[in-house]
Amino acid sequence: MLAAALLALAVLLPAARALADDLPSFVHDGQLTLCTNPTLPPMTFVNGSDTNALAGMDIDLARRLAAYWHVALIPQTMDFEGLFPSLSAQRCGMVISGVLRQAGRLRNYDAVAYLDSTVVAVARVGTPKIREMADLSGQTVAVQSGTSYAAQIERENDRLRASGRPPIILQQYPTEDQVVQQVLIGRVHAFISQDVELYYRQKQLGGKVTIILTPDYPDFHQFAVYIRKDSRDSALLQKAIDELSQKGEIAAMAKKWGISGDHQSVFTERNAPSRFDFATFFGALFSTAFLKGAALTLVIALLSHLTAIAISIPMAMKLNGRDSIIRRLLGLYVAVFRGAPTLLQLLFIWNALPQFFPIFREHWFTPFLATWLSLSINESAYQVEINRAALRAVDPGQVLAADALGMTTAQTYRHVIFPQALRIALPPTINEFISLLKTTSLASVISLQELLAVTQIQVARTFQFTEYYAAALVYYLAMVFFFLFLQKRIERRFIWADRNKASADAA
Amino acid sequence: MQLSTSPDPTARISIRGLSKFYKDYLALDRIDLDISKGEKIVVLGPSGSGKSTFIRCLNRIEPHDSGVLMIDGHVIDDRTDLTALRGSVGMVFQNYNLFPHLSVLDNCTLAPRLVRGITKSDAEATARRYLSQVNIAEQAEKFPIQLSGGQQQRVAIARALCMNPEIILFDEPTAALDPESISGIVGIMRDLADQGITTVCVTHEMGFARHIADRIVFMDRGAVLEVTPPEEFFTAPRTERARTFLAQMIRH
């Protein structure tokens, strides 16, 4: 019996090992993890109101690669700037997000190209065509931040400056849709992007913009899959892409997403200029995506603030107490977390912490937990000052009286100090909470699908930014007004502090 | 009156060589005193003479550093059950120190319920009884901010009484009050003595001291200089320091 089992094992093991030999090292535990910034249709975007439903050429390719290696695809969405830090932090095995294959990136990462592309400069319709990038001298140009277009324009500017001409003025935006918006609203002269994006945007942009230049940059010809440096992984990925290419599968994907044909003829289709579309606005307002986004915003803000309050009360008591090592450490804590930008803290906890403690790159450490952790710590540094001031404002005679009545320290805090401190702390605390509610929007950089992230993803898909921004505004204002109302209700309970109100209430 | 060197366990409060330091500063200097049951003691002395520190030692709000403090035959030191001690020694403050967020009634019931574990209804019944004794039963549902200073001080006395203390310490109870309110408080304090409650009162109110006290304790620079009946103290003070003090008081 045992011998049979051993024999079976002996037969099975080499097979299993052979399979493992064919797998790149970034594929493990039956999973292929993907980092992508879904704001670049038709490569990677959210097609519909469900923010978890990723679509596009890049997503299809990732799914096909996962199928090729017989594993599940786990996609993670985040801001463009977060893609490469996340790859380095081993949060994902690969980046496919409409990223170009470029020499600069190859120093730190391996890349395998999968699709040809052309860079284009796009301006509002009616803008005359130009012969070279240098013709944009003195003009303002928008690009997505984190992309390599900025570096390319800097090189152009060096040449312009050398020849004594004014440089191109560069503006960078976190999402591609915002880049396009700048041209549509006429703030900038042109934007730089890839032709593939324009194929998809025909419907939204037709009749509004035109291609004014297709500069021939050697570094901007191919989209590539990026992985961490590993020659064996690189070879295995190249092999997979080659096979899919030979079978015509990649060409089929490109065709499916309309990536083909002549980019010069892209904008022949003409659309009437759109006004505020109430159907889109109300559709967004009552969509599950916005509702979920708003709920997430509310839950993360509430949880973070409650945690912050819970940890800041003992901190405030310690800080108000006698000088000690702990008090000095707490003072340092407050200074550091109030001093550092909240965005930096989020990025640090999400991208830098895993490099010190590998446990933070495991799957249980979700963007939600990371946001909860950073916002709790950050908020506690602010809340502790509110608590300190409130506790100090309680007359020391109160403690003396409670003491003289034989109450314990715990009873004194619970029944005498806290109820009085609460009245003083409440208005600034609600103020902090409202501020925190809006600070949660920063968490989109670490891929938390809160309200503003949902909004941006929808805008990227449809370009109806006014409608979606308005829907988001309604949600934020509704939440803020609710908490202001709550504050008024709670303050009514503090009539004991106001002689006139107390007397009016009694009468 | 010469006291023996060891404390008297039959006295309500017996004090021998009580001293207290704030770092190097001698706040109380070897105080000897016996106080018997139902006695009304008034502590007089210039500012900074240690009067308040002295009575705060009696309920160990301020722990003493050396000497012996004995209450009803029990030595009070760092092993004393403070809850029990403060149940039997109540205190009333110059600024009343009522709990502003609680109604008058709740001010009186909070400690009995928390410290003594008395039920709400029992505590309220007791509180209403003492509130009527100090003549403010009708204010029971109000918040302290709605009351005058004199009324607040009566609530503070009722609050102390609700713990059924044998001793009540008064720390300048009339300093923040107008003359009319003072006479009301004086009346209440007289009643307490009739109930057998021992009172120790720090005050600057000379008329008050004269009319209410069984004995005057005169302090200066942390030391007790005289312990005499009020008539004697005000007419024939024994120490030069007391004479100067009285002269200044009368002039003001």
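1. What radius of gyration would a compact globule with 252 residues have, and what does chain B have? For that many residues, a compact globule would come out near 18 Å, and chain B has 18 Å, so the two agree. Keep in mind as you read on that this is a predicted model.

2. Staying with chain B for its overall build: its C-alpha trace spans about 50 × 45 × 35 Å along the principal axes. Chain B has 9 helices and 10 strands. Of its 252 residues, 57% are buried.

3. A good strand to look at in chain B is β3(B), residues 40-44. It is mostly covered, with 5 of its 5 residues buried. B:K40, B:V42 and B:L44 point one way from the strand, while B:I41 and B:V43 point the other way. As background, side chains in a regular strand alternate between the two faces of the sheet. Note that B:K40 is on the list of buried residues too.

4. Which strands does β3(B) pair with? One is β8(B), residues 198-202, which runs parallel to β3(B) and is joined to it by 4 bridges. Within that pairing, B:K40 has B:T199 as its bridge partner. Another is β9(B), residues 215-220, again parallel and again joined by 4 bridges. Here B:V43 has B:V217 as its bridge partner.

5. Now the cysteines. A disulfide, for anyone who wants the reminder, is a covalent bond between the sulfur atoms of two cysteines. Searching the whole structure turns up 1 disulfide over all chains. It joins A:C35 to A:C92, with 2.1 Å from S to S. The angle about the S-S bond is -110 degrees, and the link is left-handed.

6. Where do the two ends of that link sit in chain A? A:C35 is in strand β2 (residues 31-36), and A:C92 is in the loop between α3 (83-88) and β7 (94-95). The pair is 57 residues apart, so to speak a link between distant parts of the chain. Buried or exposed, how do these two cysteines come out? A:C35 has a relative accessible area of 0% and is buried. A:C92, at 1% relative accessibility, counts as buried as well.

7. Why is there no bond between B:C57 and B:C201? The closest cysteine sulfur to that of B:C57 is in B:C201, and it is 17 Å away, which is too far for a bond. Seen from the other end, B:C201 is in no disulfide, and its nearest cysteine sulfur is that of B:C57. B:C57 counts as buried because its relative accessibility is 0%, and B:C201 counts as buried because its relative accessibility is 2%.

8. Last, the largest pocket, with a volume of about 660 Å³. It is lined by 17 residues, and the closest to its centre are A:N320, A:V399, A:T409, A:Y413 and A:I417. The elements that give two or more residues to the lining are α14 (367-393), α15 (396-404) and α16 (409-439) of chain A.

9. Which element gives the most to the lining of that pocket? That would be α16(A), with 4 residues. By class, the lining has 8 nonpolar, 5 polar and 4 charged residues.

How values were computed: Residues numbered from 1 in each chain as written. Chains lettered and ligands numbered in written order. Predicted model: local features only at pLDDT ≥ 70, side-chain atom pairs only at ≥ 80, totals over all residues. Heavy atoms only, no water. 1 Å grid on protein atoms, 1.4 Å probe; cavity = no way out; pocket = protein on both sides within 12 Å on 5 of 7 lines; lining within 4 Å. Points joined across faces, edges and corners; volume = space filled by probe spheres on them. Nonpolar A, V, L, I, M, F, W, Y, C, P; charged D, E, K, R; others polar. Disulfide = S-S within 2.5 Å. Buried < 20%, exposed > 50% of the residue type's maximum accessible area, 1.4 Å probe, protein only. Pairing = 2+ DSSP bridges. Rg over C-alpha atoms; globule rule 2.2 N^0.38 Å.
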